[in-house]
Amino acid sequence: HRFPFLTALLAVLGCWCPGRAAEMVSLDTTWRFQNGLSEASSPDTTAWRALGFDDSSWAELPAPFWYGDLQPAPGTDLTDKRYNYRCVFLRKTFAVANPGDIASLTLGAQSDDGFIAWINGHEVGRFNMPGGEPTIGTDSLPALPEPIAFQSIPIDNPRDFLVTGTNVLTVQGFNSSLGSSSDFVLNLSLAATLDTEPPRVERLLPSAGAE
């Protein structure tokens, strides 16, 4: 017997194909900022990374965040950081219309000395940092030779943690020591590669006209 309807039922669609890039968070943008004189949230020191965390009391300041070496963009000069606090906390919301449209993400960073980044509480990037859960007493790994190259960190499986509507990128940036480090800089971006290609039929099972 012929079963032409199976041609439609068993058509195998091709995988999605990455398309155009979209900027989700730009360099030199404004962030919600908190210095590391105390933990950003307590008693749960990880709560500040969550999408629903209330950061309305945090300052709104422009990146890059720095001291020591003058930056190309004015940003925020952390004149009180050296000898006072090792880290800073940043939060930035961005919108996603449909997580299924996001094929991949890339986190870009200019960082001296190190940072850890999360999206919606899911860790997505770590540069020049030891393993484990950080605190305000954590130092980065030893300072790297300068100039430090701009980092591009691919983020796997973004559909696992992105949500429709508002999402949040959170970052904790660190010095290699409380006072011995003569400079600090942190400036980040987030880009998405969008799936803009329609699905395509790669093969038919069974082939057309099969008996």
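How many of the 10 residues of strand S7 (residues 87-96) are buried? In this predicted model, seven of them are buried, and S7 is therefore described as mostly covered, where buried means under 20% relative accessible area. S7 belongs to an open sheet of six strands, and this briefing follows that sheet strand by strand.

**The sheet as a whole**

- The six strands are arranged in the order S4-S3-S7-S12-S9-S10, and their pairing is antiparallel.
- Strand S4 (59-62) and S10 are the edge strands, each of which pairs on one side only.
- From one strand to the next, the twist averages 30 degrees.

**Strand S7 and its partners**

- On one side, S7 is joined to strand S3 (residues 30-35) by four bridges, and the two strands run antiparallel.
- One of the residue pairs here involves two arginines: arginine 32 has arginine 91 in S7 as its bridge partner.
- S7 is also joined to strand S12 (residues 165-174), in this case by 10 bridges, and these two strands run antiparallel as well.
- Cysteine 87 stands opposite phenylalanine 174 of S12.
- Phenylalanine 94 faces another S12 residue, asparagine 167.

**Strand S9: burial and side-chain directions**

- Strand S9 (residues 114-119) is mostly covered, with six of its six residues buried.
- Its residues point in two directions: Gly114, Ile116 and Trp118 point one way, whereas Phe115, Ala117 and Ile119 point the other way.
- The residues on both sides of S9 are buried.

**Strand S9 and its partners**

- Six bridges connect S9 with S12, and the two strands run antiparallel.
- Within this pairing, phenylalanine 115 stands opposite glycine 173 of S12.
- S9 is joined to strand S10 (residues 122-127) by five bridges, again in an antiparallel manner.
- Tryptophan 118 has glutamate 123 in S10 as its bridge partner.

**The hairpin of S9 and S10**

- The hairpin formed by S9 and S10 has two residues between the strands.
- In this hairpin, asparagine 120 takes a positive phi near 50 degrees.

**Reading the sheet through S12**

- In the order of the sheet, S12 lies between S7 and S9.
- Its link to S7 consists of 10 bridges, and its link to S9 consists of six bridges.
- Among the S12 residues with a named partner, phenylalanine 174 stands opposite cysteine 87, and glycine 173 stands opposite phenylalanine 115.

Notes:
Residues numbered from 1 in each chain as written. Predicted model: local features only at pLDDT ≥ 70, side-chain atom pairs only at ≥ 80, totals over all residues. Heavy atoms only, no water. Buried < 20%, exposed > 50% of the residue type's maximum accessible area, 1.4 Å probe, protein only. Pairing = 2+ DSSP bridges. Axes fitted to C-alpha atoms, helices over the stretch in contact; angles between N-to-C directions.
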